[in-house]
Amino acid sequence: MALINQTQQSYYQGENLGSYQFVSLDDIINQFMVVYVGKQKIIPSCARVDVAFHAQRALAELSFDTFKSVKAQEITVPATLQMLLPHDYVNYTKISSVDNAGIKHPLYPTKHTSNPFPILQTDDGSYDFQIPAATGFLTDNSFDSSTQAIPQATTPDNQWVAKGPYGDPAVDDIKISDGKLKFVHGAKTFPEQMTAYNYPGGVSSRVYMVYQRINVTGTSAVNFTATATSAAASAGIKGTGLVRIGISSLYPSGSSIVGETFNMNVTNPAISEEVNGYQLAAMADPDIFDLVDGNGVSSYLEFNDGTTSTLSTGSFDTTTLTADADGNTYLYVYIVSTVNNFTTETLTATGNESTNTIDSVVVSGDLPVSYLQEEAESTTWGNYKSHTPSENNSNDYQDYENGVYWPNEGERYGLDPSHAQVNGSFYIDEIRGKIHFSSNISGKNIILDYISDSLGTDSEMKVHKFAEEAMYRWILHAIASGRIQTQQIVPRLKKEKFAAVRQAKLRLSNIKLEEITQILRGKSKHIKH
């Protein structure tokens, strides 16, 4: 059967040029199963998965020192003086810079520096086990969830929980939409009999709340930033929207958690005052934000001017919080919304309803960790990349003006040959997967020639025909070595494998007699002294 199954036109107009010199790994596995596995054969029986495993191992091992290394990447070295290791990198063969003529100049590895792990320390030198300005306290702090209503719940559990709306006015709504938290407010007429409870009655909007419990265990202080848009006023109909965002140690009433609470069950917009044993509209009272910063400022932000604003608070001490039975300490983030001075009822959508919008709420503070933290950059790497390398020292090694190297008679004793060049140097940080270059490489084109294991993609899993027999012998020896029944032939198969691999290396070395002759002719030149 012919091995070429495509026309010459499809080959020369296609992209798979030079493919005839290779055999796919799948073909090698199939052919091995046909020729070497079966009754009256060296391997009486063997699962295909075993052959596939040893074939891949053979391909990987032969890729390291037998097959041609054809992988290379070129980049322009950025100001960071770093290059990322390729995704299928195993080891490098050469790293070079390229001049204007396209000629490669080898870079040399330096053995006298590295990029160690820089341990984060406090001012007194001890190891720092606090994450500064951590912001992972809130779940969905920027309201990125898809459009949804906020769930109603009595016990918050690391999620936003709503108090309201109540369906009267029917236009009222609380939802997450377009990456924002939105409170939609209408207005209704409240009964006059509520004057007995310090509320005069009349047209007003309700007060609604969204809240979330946050765990601040181990945190000494927190602060927060919020971005919100309070609804604009409309003359003769309504005033501006009012949004308060803050933190509190008080539990919302109705929660199953026992502790100091405030009443959140009444949503009429009166001040918080107990009259005849009845607590009115505590959600509208700024006193629910019970923490104060060092300047005595309460722990909330207020948006009430009808525009979009971003506000920040001071720092609030959390070390005095009472821990629960599990040793955890909690705070509550409360978002309170209403609209001032409605004069017209808006029970349904008429265009007179108001919408207060919250873009984000970010609570930050120091969090304890149990692991060593890494600073942004090690001092060793910072000094290396900012220092003018010794190979650029014109007093020692070269005449920059004429581009000529001089012997500097009597000054080159004890010289390290790796530094007696102007090409530049590098080292590889294996842990972080980066190549670090000396400062004189910045902006230059760099070529990384490297070795992979040829298992990265299906298209890479192919073997040069010069090494096809070595693959068969490798697989055969590996399978026989793992079976008790075939131990007597393992020594012979080992010798055959060694010979086949050696033969493949000779073939793939691609030695040409004319090229060797030309090199020897160059060596015969007379050198004048």
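Start by selecting strand β14, residues 208–215, together with β9: three bridges join these two strands, which run antiparallel. What you have on the screen is a predicted model, and this pair is a convenient place to enter it. For a single point of reference within the pair, pick V161, whose bridge partner in β14 is Y211.

**The five-strand sheet**

Now widen the selection to β9, β14, β24, β16 and β21, which form, in that order, an open sheet of five strands with antiparallel pairing. At its edges you will find β9 (161–163) and β21 (300–303), each of which pairs on one side only. Looking from one strand to the next, you can follow a twist that averages 15 degrees. As general background, the strands of a sheet pair through backbone hydrogen bonds, and they do so in either a parallel or an antiparallel manner.

**Rings and charges**

Return to Y211 and show its side chain along with those of F289, Y300, Y332 and Y334, since ring pairs link these five residues into a cluster. Next select R213 and Y330, where R213 lies over the face of the Y330 ring, at 4.1 Å from the ring centre. A further example of a charge placed over a ring can be seen by moving to W474 and K497, where the charged end of K497 sits 4.0 Å from the centre of the W474 ring.

**A buried lysine**

Go then to K188, which is found in strand β12 (residues 188–190). Is this lysine buried or exposed? With a relative accessible area of 15%, K188 is buried, because the cut-off for that class is under 20%. Show the side chain of D168 as well, and a polar contact of 2.8 Å will be seen to join it to the side chain of K188. If you display the surroundings of K188, leaving aside its neighbours within four places in sequence, the residues in contact with it are D168, P169, G202, V203, S204, R206, E345 and L347.

**The four-strand sheet**

The next selection is β2, β30, β4 and β5, an open sheet of four strands in that order, again with antiparallel pairing. The edge positions are held by β2 (71–76) and β5 (104–106), each of which has a single partner strand, so that one side of each is left without a neighbour in the sheet. In this sheet the twist from one strand to the next averages 30 degrees. Within it, look at β4 and strand β30 (residues 445–451), which pair in the antiparallel sense over seven bridges, and note that N91 stands opposite I451 in β30.

**An aromatic pair across the sequence**

Staying with β4, select Y92 and then add F426: the two form an edge-to-face aromatic pair, 5.5 Å centre to centre and with 85 degrees between the planes. Since Y92 lies in strand β4 (residues 91–98) and F426 in strand β28 (residues 425–429), this pair ties together parts that are 334 residues apart in sequence. As for their surroundings, Y92 counts as partly exposed at 26% relative accessibility, whereas F426 is buried, with a relative accessible area of 1%. The structure holds twelve aromatic pairs.

**The whole chain**

Finally, zoom out and colour the chain by secondary structure, which brings up seven helices and 31 strands. Of the 529 residues in the chain, 40% count as buried. Among the contacts in the chain with a separation of 6 or more, 73% are accounted for by residues 24 or more positions apart.

Notes. Residues numbered from 1 in each chain as written. Predicted model: local features only at pLDDT ≥ 70, side-chain atom pairs only at ≥ 80, totals over all residues. Heavy atoms only, no water. Pairing = 2+ DSSP bridges. Axes fitted to C-alpha atoms, helices over the stretch in contact; angles between N-to-C directions. Phe/Tyr/Trp six-rings, centres within 6.5 Å; stacked < 30°, edge-to-face > 60°. Buried < 20%, exposed > 50% of the residue type's maximum accessible area, 1.4 Å probe, protein only. Lys NZ or Arg CZ within 6 Å of the ring centre and 35° of its normal. Polar contact = N/O pair within 3.5 Å; in protein donor to acceptor, adjacent residues only side chain to side chain. Contact = heavy atoms within 4.5 Å.
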